[in-house]
Every structure is written in structure tokens, then in C-alpha cells.
Amino acid sequence: MLTQSTFAFIGGGNMATALIGGLRKRGVPASAIQAVDPFADARQRLSADFGIATADAPHAGLRAADVLVLAVKPQQFREACAALAPHLGDSLVISVAAGIRLTDLSRWLNGHSRVVRAMPNTPALAGMGMTGLAGPAGLPAADRDMASAVANAVGKSLWVADDAQIDAVTAISGSGPAYVFYFIEAMQRAATELGLSAEQGRALAVETFVGAATLAGESPEAVSTLRERVTSKGGTTYAALTAMADAGMGDAFVRAMQAAAARGREMGEEFGRQ
């Protein structure tokens with residue numbers, strides 16, 4: 001499917017770079033990919049890294065793309081759609097911008113109905129991303145399959161029902177890497193306060209997250225069961241988890257993700273009024 005299709009990217013940045021790289025690794029030829037970016041440095045980098053054609057503005061040639069990925073900042077999204085709309089054919093349009101709702105995406109593209117909202121995360125840069133996908137009711141199965149294939153070029157994906165659930169995806173996995181980095185920082189700081197070096201603390205924290213996440217992904221058991229198996233009554237892990245519970249960390253963490261989801265809804269409303 002991927003290797004027989006053509007792709008166009010509007011906007012640059014890390015996510016567009018990751019997706020283009022993922023498509024190339026999956027066998028999509030450079031001749032089947034093009035990118036539009038107003039910044040000369042970004043165009044030169046994409047051309048040098050992937051051998052793809054680039055342009056500084058949307059053009060008639062975009063009509064031939066099977067898939068068009070909009071990877072621009074939310075604040076610039078409507079403007080990008082206005083520039084793209086005159087040159088849009090029957091492409092499947094995938095948005096990777098936070099807070100841009102499907103109805104607004106379609107409206108800004110003059111009622112274009114082949115649209116998908118995607119929320120990837122930064123581990124896509126390492127080919128280990130997680131992407132939530134949502135489309136309008138009646139989106140053809142072939143379009144769903146194509147959107148999944150594009151997302152899976154940089155990791156894994158799952159479909160959710162609507163914009164509201166994409167806001168939840170944003171809060172859990174879209175913003176999730178920052179939560180992990182936050183805890184790694186805290187573990188690294190604790191390591192130095194306990195007499196280890198910062199380098200040792202980072203290595204211990206990173207590998208612990210990688211190993212624990214791999215175990216959770218591969219084990220059929222509930223995560224709570226895995227946690228309990230590490231926690232002996234009265235032991236060191238019990239002491240640490242008790243301190244976390246006494247500090248209200250679990251509830252605070254849930255509230256933090258609720259705040260992220262709420263901000264996603266607010267962004268949708270703000271940008272949708274434009």
C-alpha cells in the first residue's frame with residue numbers, strides 16, 4: 001500500500017521528518033514524496049537527508065498526492081489550509097496538529113471529507129511512536145488502512161471514536177513522553193543525592209523505564225499485578241510507594257492528564273472560532 005502511493009507534506013519540523021524517514025525505511029521511493037516548507041534551511045535539510053522534492057508554497061502538483069500530511073503548528077493551521085485548498089485534489093488529508101478538530105479541518109478545506117486527525121508522540125523520532133487516529137463517520141476503510149500504515153511507519157497506532165477521545169490521547173500519549181522525562185529527571189536527581197553520579201542516575205532511570213515498559217507491554221497480567229510483585233510488605237519498594245501515596249502523587253498525576261485533555265478541548269474551541 002505505502003510503496004504504491006504518493007505523499008506530500010505541508011510543514012516541516014521533527015514529526016514531518018520522522019514520518020518521511022519512516023516512509024523511506026518502509027520502501028517508499030524518494031520520488032513519491034514531496035514537502036512544502038517556507039523555510040529554505042528546512043527544505044535543504046529534507047532534500048539532503050531524503051532526496052525528496054521540496055517547494056516553498058503549495059502548488060498544483062499537490063493534486064496528484066494520494067496522501068497529504070499537514071504538519072504545521074496549530075496557530076498557523078487555518079492559514080496553511082487556506083493556502084492549500086486551491087491545490088487540493090482528492091487526497092487523504094492527515095492532520096498531526098494538536099487541538100485542530102475534524103470539523104474545522106474539513107471546513108477550512110472547503111468541505112473536504114477525506115480527513116483524519118492524528119496525534120503522534122516524539123518517540124516517533126526513534127521509530128517507537130504511539131499515534132491516536134480519528135476520522136469522520138463514514139470514512140472509507142481504505143482510508144483508515146492508509147492512515148494506519150502511515151502512522152505505523154514510525155511505531156504503532158490505534159483508532160478512537162472522535163475528537164473528544166483524541167484529546168484524551170493527547171493527554172496520555174501525545175504529552176506522555178514529557179511525563180516520562182520528568183520522572184527520569186527526578187530519578188536522576190535522587191541518584192545524585194544518594195551518592196551516584198548524574199550519568200549513573202540517568203542510565204539507571206532510562207533502562208528501568210525501558211525494561212519496565214517492555215515487560216508491561218509483553219505481559220498478559222495487569223499492570224497493578226506487576227507492581228505488586230515488586231512490592232514486598234515492609235521492603236524498600238513499599239517504603240517508596242508509601243511515600244508517593246502519602247504525597248498524593250497518583251491523584252496529582254491523574255489531575256495533570258485531565259488538565260492536559262481540558263487544554264486540548266480549549267485549543268479546539270479557540271482555533272475553531274477562527
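In the predicted model, the buried residues of helix 11 are Met 257, Ala 261, Gly 264, Met 267, Gly 268, Phe 271 and Gly 272. The cover over these buried positions includes helix 4, helix 6 and helix 7. Helix 11 comprises 24 residues, for which a rise of 1.5 Å a residue gives an expected span of 34 Å; the end C-alpha atoms are 34 Å apart, so expectation and model agree. Val 254 also belongs to helix 11. With a relative accessible area of 42%, Val 254 exceeds the 20% limit for burial but does not reach the 50% required for exposure, and is therefore classed as partly exposed. The C-alpha atoms of Val 254 and Ile 172 are separated by 9.7 Å in space, although the two residues lie 82 positions apart in sequence.

Helix 6 (residues 163–174) departs from the straight-helix expectation. Twelve residues in a straight helix would span 16 Å at 1.5 Å a residue, whereas the end C-alpha atoms of helix 6 are only 14 Å apart. Its buried residues are Asp 163, Ile 166, Asp 167, Val 169, Thr 170, Ala 171 and Ser 173. These residues pack against helix 4, strand 6, strand 7 (129–134), helix 7 (176–193) and helix 11 (249–272). Within helix 6, Ser 173 has a relative accessible area of 15%; this value is under 20%, and Ser 173 therefore counts as buried. Beyond its neighbours within four places in sequence, Ser 173 is in contact with Asn 121 and Met 130. A separation of 51 residues in sequence corresponds to 9.4 Å between the C-alpha atoms of Ser 173 and Thr 122.

Helix 4 (residues 102–108) contains Ser 106. The relative accessible area of Ser 106 is 17%, and this residue is accordingly buried. When residues up to four places away in sequence are set aside, Ser 106 touches Gly 111, His 112 and Ser 113. The loop between helix 4 and strand 6 holds Asn 110. In contrast to the burial of Ser 106, Asn 110 is exposed, at 65% relative accessibility. The phi angle of Asn 110 is near 60°, a positive value in a residue other than glycine. Most residues other than glycine have a negative phi.

Helix 8 (residues 198–218) includes Phe 209. This phenylalanine is partly exposed, with a relative accessibility of 27%. Apart from neighbours within four places in sequence, the contacts of Phe 209 are Val 180, Phe 183, Ile 184 and Met 187. For one of these partners, Phe 183, the C-alpha distance to Phe 209 is 9.5 Å across 26 residues of sequence.

The largest nonpolar core consists of 35 residues, among which Phe 7, Phe 9 and Ile 94 have the most contacts inside the core. At least two core residues are supplied by each of strand 1 (7–10), helix 1 (13–25), strand 2 (33–36), helix 2 (40–50), strand 4 (67–70), strand 5 (92–95), strand 6 (115–119) and helix 5 (141–152). Helix 1 provides the largest share, with 6 residues. Not counting residues up to four places away in sequence, Phe 9 touches Ala 16, Leu 19, Ile 20, Leu 23, Ile 33, Gln 34, Ala 35, Val 36 and Val 69. A second core, separate from the first, has 29 residues, including Val 93, Val 115, Met 267 and Phe 271. Met 267 and Phe 271 are also among the buried residues of helix 11. In soluble globular proteins, nonpolar side chains tend to be buried together.

At the level of the whole chain, 11 helices and 8 strands are present. The C-alpha trace spans about 70 × 40 × 35 Å along its principal axes. Buried positions account for 41% of the 274 residues. Of the contacts between residues at least 6 apart in sequence, 61% join residues at least 24 apart. The accessible surface of the chain amounts to about 14,500 Å², and carbon and sulfur atoms contribute 57% of this area. The chain carries 23 positive and 25 negative charges, whose mean positions are 2 Å apart.

Terms used: Residues numbered from 1 in each chain as written. Predicted model: local features only at pLDDT ≥ 70, side-chain atom pairs only at ≥ 80, totals over all residues. Heavy atoms only, no water. Core = buried A, V, L, I, M, F, W, Y, C linked by side-chain atoms within 4.5 Å. Buried < 20%, exposed > 50% of the residue type's maximum accessible area, 1.4 Å probe, protein only. Helix = DSSP H or I, 4+ residues; strand = E, 2+ residues; numbered from the N terminus. Contact = heavy atoms within 4.5 Å. Areas by Shrake-Rupley, 256 points an atom, 1.4 Å probe, with all protein chains shown as cover. Lys, Arg positive; Asp, Glu negative; His and termini not counted. Charge placed at Lys NZ, Arg CZ, Asp CG, Glu CD. Expected span 1.5 Å × (residues − 1).
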